[in-house]
Amino acid sequence: MPATLTERILEAHIAGREGDLLHVRYDHLLLHDATGALLVDRFRALGRPPAHPGRILAAADHFVPPASAERAEILQKYLDFTAGLPGIRNRPFDGICHQLLVEDPATGPGQFIIGADSHTVTAGALGALATGLGSTDILFAMAAGWTWMAPPEVRRLVLEGRRGPWIRGKDAALAVLRRTGPAPAGADLAYECVDRCEPPLSMDSRFSLACMGAEMGAAFFLMVPDAVTRAYVEAKGGRWPESPLAPEADAAYHGELTVPLPGRPLVAVPPAPWH
């Protein structure tokens with residue numbers, strides 16, 4: 001059957017199957033201090049190095065600067081741990097973790113990315129499958145070199161319309177949330193987004209939009225790569241894939257939603273971003 005882009009990326013990373021679950025190899029694994037510190041003792045108890053140290057990007061940003069003595073101790077424990085992992089990309093105090101991830105030259109389209117932060121989904125703006133996992137799952141993935149997941153329900157999202165002054169990715173995200181509301185609890189959901197706006201959204205706007213995928217309740221939110229994606233990847237020194245990355249013609253989705261860009265900037269009303 002014709003495959004969605006989500007399905008194509010997953011298929012290229014499958015290491016095995018166990019019933020309805022997939023064993024999936026990752027290209028990058030993102031760590032940060034707040035959740036990374038939770039796995040330190042258990043990982044050390046394993047007595048072995050990470051399966052793929054070169055695929056680990058370690059940031060320190062959540063407890064920087066620490067607001068209490070307790071958080072300072074947590075931060076130091078994490079810093080000592082990551083400093084003792086040779087071969088990883090260790091970048092403490094360089095910036096926000098998921099921003100470092102998308103700016104890294106090695107991060108690009110067609111990849112499978114996991115991270116110990118819900119907003120790891122931001123990297124989906126590059127045409128990658130990127131998702132946040134809990135500390136226990138990250139611990140397993142660091143040791144094993146793969147993670148497990150159920151295939152997500154893939155929905156197609158089309159953004160269209162003329163982009164007026166001051167309309168950015170956050171406005172597009174709020175327009176989508178106004179239509180969808182929150183995802184059902186426990187849903188394995190992926191949004192596959194096509195940008196048909198005129199002019200297209202910038203990469204900064206796409207990062208904002210994909211980042212809000214977490215608020216949409218999506219495990220994945222990826223943009224179908226285009227000329228905007230390619231220009232960004234090449235400008236940061238990344239490598240553009242030789243094979244085109246796109247969903248196959250007549251791919252089957254679990255629903256399709258077309259959302260026009262709002263005519264003016266939007267704001268959300270507490271307590272939820274879909275209000």
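A residue is called buried when its relative accessible area is under 20%, exposed when that area is over 50%, and partly exposed in between. Keep that in mind for the views below, which all come from a predicted model.

**View 1. Glu234 pairs up with Arg230 inside one helix.** Both residues sit in helix H9 (residues 227-235), four residues apart, or about one turn of the helix. Their side chains form a salt bridge, with the closest N and O atoms 2.9 Å apart. Glu234 has a relative accessible area of 42%, so it counts as partly exposed. Arg230 is partly exposed too, because its value is 40%.

**View 2. Asp41 and Lys77 bridge two helices.** Here the closest N and O atoms are 2.8 Å apart, making another salt bridge. This one links distant parts of the chain: Asp41 belongs to helix H3 (residues 40-46) and Lys77 to helix H4 (residues 69-83), with their positions 36 residues apart. With 47% relative accessibility, Asp41 is partly exposed, and Lys77, at 30%, is partly exposed as well.

**View 3. Arg206 and Asp195 meet out of sight.** Their salt bridge spans 2.9 Å from N to O. It ties helix H8 (residues 203-211), home of Arg206, to strand E10 (residues 189-198), home of Asp195. Both Arg206 and Asp195 are buried. Look for Asp226 as well: together with Asp195 and Arg206, it is part of a network of salt bridges.

**View 4. Gln111 sits in a loop and reaches His28.** You'll find Gln111 in the loop between H5 and strand E6 (112-115). Its relative accessibility is 15%, so it counts as buried. The side chains of Gln111 and His28 make a polar contact at 2.9 Å. Leaving aside residues up to four places away in sequence, Gln111 also touches others, including Ile9, His13 and Leu129.

**View 5. Domain 1 leans on domain 2.** The domain assignment gives domain 1 as 5-149 and domain 2 as 153-260. Their contact takes 26 residues from domain 1 and 30 from domain 2. About 2,300 Å² is buried between them, and carbon and sulfur atoms give 66% of that area. Leu5, Pro109 and Ala125 supply 28% of what domain 1 buries here, more than any other three residues. What about charged pairs: how many salt bridges are there between domain 1 and domain 2? The count is zero, but there are 10 residue pairs in polar contact, both partners at pLDDT 80 or more. On the domain 1 side, helix H1 gives the largest share, four residues.

Technical notes: Residues numbered from 1 in each chain as written. Predicted model: local features only at pLDDT ≥ 70, side-chain atom pairs only at ≥ 80, totals over all residues. Heavy atoms only, no water. Domains from an automatic or database assignment. Contact = heavy atoms within 4.5 Å. Buried area = accessible area lost by both parts, 1.4 Å probe. Salt bridge = Lys/Arg side-chain N within 4 Å of Asp/Glu carboxyl O. Polar contact = N/O pair within 3.5 Å; in protein donor to acceptor, adjacent residues only side chain to side chain. Buried < 20%, exposed > 50% of the residue type's maximum accessible area, 1.4 Å probe, protein only.
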